[in-house]
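Subject: A structure for you to explore

Hello,

Here is the structure I promised to pass on. Have a look at it first, and then read on for what turned up in it.

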Amino acid sequence: MEKILKFGGTSCGSVESIQSVLSVIESNWKSSKQFAVVFSAMSGVTNSLLEAGKWASQGKEPYLPLIETIETRHFEVIKHFIPLKGQSQVIAHIRTLVNELRDVLKGIALVKEISPKTSDLLVSFGERLSTSLITAILKEKGLPALFVDARQFIKTNDTFGKSEVDFVQTNALIHTFFEQHAQEICLITGFIGSNAQGETTTLGRGGSDYTASVIGAALDVKEIEIWTDVDGMMTADPRKVSNAFTIPSISYAEAMELTHFGAKVIYPPSLQPAFAKNIPIRVLNTFNLNFKGTVVSKEQKPNPYIITGISSIDSLALVNLQGSGMIGVAGVSAKLFTVLAREKISVILISQASSEHSICFAIEPQNAIRVSEILEVEFAQEMAIGDIEGIDIQSNLSVIAVVGEGMRKHTGVSGKLFSVLGKNGINIVATAQGSSELNISVVIEQKDLSKALNVIHETFFFSKLKTLHLFLVGTGLIGKTLLDQLAGQERYLAKYRGLKVKLVGIANSRQQLIQEKGIDVKTALGQLAQHGKSQDLPAFIEKIKALNLPNSIFADCTADKQIYSHYLGLFKSNISVVTPNKVANSGPYPLYAELHQTALEKGVKFLYETNVGAGLPVINTLQGLIASGDRFEKIEGILSGTLSFIFNQFKPGRSFAEVLREAKAKGYTEPDPREDLSGMDVARKILILSREIGLKLEFSDITIEKIIPPACEQAATVDDFFLELEKANDYFEKMVASASERGHVLRYIAALENQKITIGLREIDAQHPFYQMDGADNVIAFTTKRYHDRPLVIKGPGAGAEVTASGVFADIVSMGSYLA
Ligand SMILES: NC(=O)C1=CN([C@@H]2O[C@H](COP(=O)(O)OP(=O)(O)OC[C@H]3O[C@@H](n4cnc5c(N)ncnc54)[C@H](OP(=O)(O)O)[C@@H]3O)[C@@H](O)[C@H]2O)C=CC1
Ligand SMILES: N[C@@H](CC=O)C(=O)O
């Protein structure tokens, strides 16, 4: 015998999949003839049988329709594959089996009880039916197919539900059987066996893999093929990690670790017989016949990654036993695990601190209450005298296992793992690593599972491409320009920065849209308009938090005065914020301080380079000086692009309002230009700088000298404001002309010195460093201990859509180097 093939439930589950199964068998027959095939029950049939058994035993619900459905599914396959004249014989055979099944259920209904023994008999019909069916079809095709009931050679003990194979007897029987049937294609029922009395037993759910492995090992085949419905073993569960990909080759040890921690592709015990005989197992996909498969074998081929795969168990409970009496006292662990073994409680993971003060272990959540009760009884004495302080059980947890032979003796793997989880605000509740260094397991809260799997996968498998999940609020001048810039840089970012900025949410004051799979930045505005829901910012933000995506960034590109009330909650949910909106940083100081402190504590970023000087590197430079120990003596600057533009452009003969309109059209003004002309915008900026250097100033500490007459100041609407400006044109003309007569220019300058902020219009001469300005230039001069004799000057365009959006862009990209 060269190989054993095994087809799972989905492979036998429909006409289409059975078509593929037949073609695989036919092509094997053509090429080798030396093979046997094991089948599972049709998908869903085992569950239906168990359910029917339960209902029958409770006498509550009608169970017969479930059996009819099973029967009909088999009949449909017969009608599809077997010509009319041959159908009646096969239908009769299936009907006989189903009638036998009905009798079993009737018996269960009569005695109102279903024992594990009866349950095994009941579920055995699933494999018996599917295998009979496929045997009949192959015979019809003229192949020498032989139905083989594995109960005749898979001999087990009496542990119904999960019996253990008696290998001595089983191997001998397998040899005898296959010697006698070397010329036929043996089609074997998976999952089932029989005990010494000939009663039906089962090998545990997924046991058909085990059947294949047991037969393969007994016959020393060259390879075992497990045909399933996915592309082999993958680096992670593709339903949870969309970037998961097939592992071409994996060692038995790695596969065992991954399957133990939830990778469902192979039934874990099935690896053992193949492993013992060093028989490679190839995992193939019935639904993708071109797929080459994952080979599980002793030697793993060279792997370009440090790890091989990540698996997880979604739900578990962690039991913690602690007490000073456990320190240095031999036997507590022995007693604990003996008790758990006696009670057949499966322990998923164990972790013990070196102090021996506590020991914690993970179990299936449904066992939590029972474990607690058992331990209370078993350790009653230790608890009474205080040696054990208590038994604590934590639920709603998940475990992730990072597995790979490549981790052995490779430094930094756990550092990388813990760092990526930490950066994403994922708390590690417990951890375990065996000295084989094949597996590092971390227990985390269940709510963080998807996020954790994705960031770990990205870190270890796609470290060349990090994904930043972007939520953009504000699609006006800056937001829209940012989208355009992102669209133009996608390839550059991927190639040179290893970054993918994935837009997941977008909103303006009217609509909002979240798409976890991502929104194309090129068409985002159209999609928002077409598919967006009505705006509900709190709901939008709650959804962002609930998505709990790794490396999430909230970009506030609005001028909204309230939106920053959400920042704190975002930080607490480990979401970073990038914003050109100055309101948060110039709000009440205690709120400002709380925001910054929270961001720091949560390890998230709050970036707002564009709050001052738009895209000019003002905040970063200042922060760098402070961080390196410089001391600020004075900050002075022209911080308004709009006012800079106005005093550069406004000449006698031009209307002041017209110049402002031009500034607005060029994208220099605030959405409401009264903010610029009133000095509010400049006041916010200098206040932000003052706070950056550590001063706890409030808005009320700022003296703003007005440049517009009171009537303009009091205009109720933006239109009224422009009207009032028109009326005040003479006033502005005189102001500028008077300075000009003296060879001076007017500049709106903000200054911070001796902890005092002043803002006002200054007349300056040609020697002043702020004399020569162009367009919407800003200029900021930092006089510090180090830049004492000549200040550090930053100068350049300080307003406008392109420069501001690129500043926001740069903040987003800079997150890439920080985030996981
Ligand atoms: N222009 C510049 O040179 C600079 C600007 N900035 C700052 O950039 C920010 C954006 O400016 P700009 O793009 O010109 O402003 P716009 O008025 O052009 O756009 C603002 C956007 O925010 C949206 N919005 C407003 N309120 C809300 C809300 N409550 N919820 C959701 N969306 C909202 C608007 O929605 P809708 O489309 O429905 O109206 C609009 O899409 C401002 O804070 C500004 O101070 C900073 C530095 C320089
Ligand atoms: N309206 C602002 C834009 C940047 O903050 C300005 O004119 O400077």
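At what angle do helix H4 and helix H5 pack, and how far apart are their axes? Please keep in mind that this is a predicted model. Helix H4 covers residues 84-111 and helix H5 covers residues 116-140; they pack at an angle of about 180 degrees, and their axes are 10 Å apart. An angle over 145 degrees counts as roughly antiparallel, so H4 is roughly antiparallel to H5.

If you want to find this contact on your screen, look on H4 for residues including Gly86, Val90, His93 and Leu97. On H5, the residues in the contact include Thr118, Leu121, Phe125 and Arg128. Sorted by class, the contact of H4 with H5 has twelve nonpolar, four polar and two charged residues.

H5 also leads us to the sheet. This helix packs on the sheet and touches E2, E3 and E4, with its direction at about 160 degrees to that of E4. Helix H1 (residues 15-31) lies across strands E1 (3-7), E2 (35-39), E4 (185-189) and E7 (223-228), and runs at about 170 degrees to E1.

The sheet itself is open and has eight strands, in the order E3-E4-E2-E1-E7-E9-E10-E8, with mixed pairing. Strand E3 (145-148) and strand E8 (249-251) are at the edges; each has a single partner strand, so one side of each has no neighbour in the sheet. On average, and ignoring direction, neighbouring strands are turned by 20 degrees against each other. At the E8 edge, three bridges join E8 to strand E10 (residues 294-297), and these two strands run parallel. Ile250 stands opposite Val296 in E10.

Now zoom out to the whole chain. It is divided into domain 1 (3-229), domain 2 (309-461), domain 3 (466-614 + 808-818) and domain 4 (618-797). Notice that domain 3 is given as two stretches.

Let's take domain 2 and domain 3 as a pair. Their C-alpha centres lie 36 Å apart, and the contact takes eleven residues from domain 2 and eight residues from domain 3. Which elements give two or more residues to the domain 2 side? They are helix H13 (413-423) and helix H14 (449-461), and H14 provides the largest share, five residues. By class, this side of domain 2 has one nonpolar, five polar and five charged residues.

Enjoy exploring it!

Best wishes

Technical notes. Residues are numbered from 1 along each chain as its sequence is written. Chains are lettered from A and ligands numbered from 1 in the order in which they are written. This is a predicted model: local features need pLDDT of at least 70, side-chain atom pairs count only at pLDDT 80 or more; totals for chains, interfaces and linings use all residues. Axes are lines fitted to C-alpha atoms, for helices over the stretch in contact, and angles run from 0 to 180 degrees between N-to-C directions. Helices (H or I, at least four residues) and strands (E, at least two) are DSSP runs, numbered from the N terminus. Angles under 35 degrees count as roughly parallel, over 145 as roughly antiparallel, 65 to 115 as roughly perpendicular and the rest as oblique. Two residues are in contact if their C-beta atoms, placed from the backbone, lie within 7 Å. Ala, Val, Leu, Ile, Met, Phe, Trp, Tyr, Cys and Pro count as nonpolar, Asp, Glu, Lys and Arg as charged, and the others, Gly among them, as polar. Domain bounds come from an automatic or database domain assignment. Two strands pair if DSSP finds at least two bridges between them.
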